[in-house]
Amino acid sequence: MESYVTVSGLISQFLVGLSRAMILFIVSSGLSFILGVLRVPNVAHGSLYMIGAFVAHTLAMAAGGGAAGFWLALVLAPTAVALISLAAERLLFCHLYEREHLMLLLFTFALALILGDLTKITWGADYRSLVAPPFLQGSVMVLGTPFPRYNLFLLAVGPVVALGLWLFSNKTKVGKIARAAAVDREMVGAIGINVGRVFAFAFVLGCFLAGLGGALVSPTVSITLGMDHTIIIEAFLIVTIGGLGNMWGALAGSLIFGVSQSMGILLWPQFAIVFPYLAVVIILTLKPTGLLKSVW
Amino acid sequence: MLEVQGIHTYYGLSHILFDVSLRVEAGQVVCLLGRNGAGKTTTLKSIMGLAPPARGRIRFNQRDVTGWPPYRMARQGAGFVPDNRRIFADLTVGENLEIAARQGPGAEKWDRERVYDLFPALRAMDRRRGGLLSGGEQKMLAIARALMTNPQFLLLDEPTEGLAPLLVKSLGERIRKLKELGLTVLLAEQNLRFTLGLSDYGYIIDNGRICHHGRVAELVNDPQVRKICGI
Ligand SMILES: Nc1ncnc2c1ncn2[C@@H]1O[C@H](COP(=O)(O)OP(=O)(O)OP(=O)(O)O)[C@@H](O)[C@H]1O
Ligand SMILES: [Mg+2]
């Protein structure tokens with residue numbers, strides 16, 4: 001078995017893990033943001049990721065399937081998901097913030113089921129796949145091993161999203177208000193801020209990230225029903241090991257999850273799926289509150 | 001400026017305020033005195049909309065504001081300084097002030113520089129996280145933060161609680177200064193001596209009911225009031 005593991009294989013598999021981690025980070029940072037600011041454990045986050053992938057596919061096809069269609073889809077699919085989440089927030093969630101977490105969990109779970117069925121009705125049970133634009137297809141040589149160009153692209157997008165989120169929460173007034181509301185929403189109201197608006201914005205931003213993750217992942221996976229389940233479990237685990245509401249925690253959790261998954265494939269392919277969960281168990285045993293400070 | 005008419009406030013099923021009425025005229029400092037658990041904080045929260053009364057009416061600036069959410073009260077010119085300070089711990093001192101800044105209806109135009117002039121100790125801590133400040137510093141920050149909303153009317157909940165005597169004295173001077181600048185204040189306190197020199201008028205609350213009110217000098221000589229306030 002050892003003979004399969006070579007240094008270059010290790011490196012390329014590590015890079016694959018890193019690029020997978022970028023998708024995980026984009027999705028779980030959105031989940032974490034919503035958890036931190038609104039205290040809503042949004043089970044429907046995975047469904048929005050799935051819808052993002054389906055919408056991206058539909059849009060790209062409608063635009064002729066070329067490179068332009070891909071870029072269009074990458075921008076418009078998350079926007080469509082954001083609009084869906086805005087409707088959900090204004091019609092449903094904004095009335096529920098005061099409920100206890102168990103109720104919120106049930107509500108968002110119900111929403112996940114509804115969105116799952118709507119996806120099935122709209123797109124059916126077929127597998128789809130989206131083609132990346134030509135210049136992101138194929139591989140480049142990285143340290144002597146071929147590495148998919150699209151994964152390199154993901155490796156570039158992840159840090160951009162992280163930087164954007166950091167700038168948003170630390171340099172913009174809305175971001176600062178969102179951080180304050182995460183800790184004491186009542187007091188934020190008492191200084192004259194309409195917290196409902198801030199919550200709507202935070203929810204939509206978090207969901208946009210789910211849609212963006214779904215659109216970004218679509219050239220690398222088959223787009224199908226059920227992709228919501230896997231991602232939501234992974235994202236919740238990542239947020240838990242990283243520290244609830246902590247963006248850097250989501251990043252750390254995603255890296256651990258993504259890399260342990262890809263390394264698992266290399267080391268013990270039949271049991272690869274176990275590795276990230278093993279990492280989660282180890283981390284939570286050593287540090288039950290998560291790696292970084294939770295905002296709760 | 002403010003008129004509270006017979007409010008009843010509940011926390012869940014427990015009835016806390018019974019028919020509380022009080023008036024604050026523009027430019028006055030009015031105090032609300034009472035022992036622990038008497039209902040001072042609840043009264044202020046009822047006015048601010050944080051614990052809306054089930055019955056009764058609240059008028060503020062010639063408007064019926066009963067049932068208004070806190071953010072509308074703040075925009076209408078009410079600044080709230082909670083007893084437990086409630087500083088946004090993750091934000092720096094400067095950020096705490098920044099997010100509160102708005103063009104309120106108050107006559108004075110407060111900005112970060114001006115509140116730092118009033119509380120010079122805070123200026124040096126501009127970039128320190130709010131959660132790292134001492135209790136007294138957080139008290140000042142809570143007042144400064146309320147001022148940033150440019151209020152006409154300040155609801156101050158036990159500002160002297162836990163402050164050293166010297167700080168209490170200087171806090172009194174600042175409040176007097178705010179009054180000179182035209183701010184109206186409703187001050188919930190247990191510290192009778194502190195309140196005495198500051199207020200124009202006083203209400204005594206006990207077990208959720210207003211039991212006495214009058215000029216502070218008269219209240220202080222009333223044996224019943226002295227008993228309630230524990231002096
Ligand atoms: N959230 C709450 N839920 C239930 N009861 C409450 C709540 N907050 C306060 N109370 C009760 O309401 C009563 C009045 O409390 P309040 O905080 O208004 O008193 P206070 O006069 O401000 O006292 P202190 O001087 O200790 O601050 C107390 O009996 C208290 O136990
Ligand atoms: Mg109190």
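**Exercise 1. Determine what share of chain B counts as buried, and characterise the overall form of this chain.**

Solution. Step 1: of the 231 residues of chain B, 55% count as buried, that is, they have under 20% relative accessible area with a 1.4 Å probe, protein chains only. The model is predicted, so local features need pLDDT of at least 70 and side-chain atom pairs pLDDT 80 or more, while totals for chains, interfaces and linings use all residues. Residues are numbered from 1 along each chain as its sequence is written, chains are lettered from A and ligands numbered from 1 in the order in which they are written, and side-chain values use heavy atoms, without hydrogens and water.

Step 2: the radius of gyration of chain B is 17 Å, which agrees with the value near 17 Å for a compact globule with 231 residues; the radius is taken over C-alpha atoms, and the globule rule is 2.2 Å times the number of residues to the power 0.38.

Step 3: the C-alpha trace of chain B spans about 45 × 35 × 35 Å along its principal axes.

**Exercise 2. Describe the contact between chain B and chain A, starting from its residues.**

Solution. Step 1: chain B contributes 20 residues and chain A 18 residues to the contact (heavy atoms within 4.5 Å).

Step 2: about 1,900 Å² is buried between the two chains, with 57% coming from carbon and sulfur atoms; this area is the accessible area (1.4 Å probe) that two parts lose on being put together, summed over both. Arg86(B), Phe88(B) and Ile99(B) supply 31% of the area that chain B buries against chain A, more than any other three residues.

Step 3: the rule finds six salt bridges across the interface, each a side-chain nitrogen of Lys or Arg within 4 Å of a carboxyl oxygen of Asp or Glu. Arg86(B) is joined in this way to Glu186(A), with the closest N and O atoms 3.0 Å apart.

**Exercise 3. State whether Ser28(A) is buried or exposed, and identify its surroundings.**

Solution. Step 1: Ser28(A) has a relative accessible area of 0% and is therefore buried.

Step 2: leaving aside neighbours within four places in sequence, Ser28(A) is in contact with Ala235(A), Ile238(A), Val239(A), Ala250(A) and Ser254(A).

Step 3: the C-alpha atoms of Ser28(A) and Gly245(A) are separated by 9.8 Å, although these residues are 217 residues apart along the chain.

How values were computed: Buried means under 20% relative accessible area, exposed over 50%, partly exposed in between (1.4 Å probe, protein chains only).
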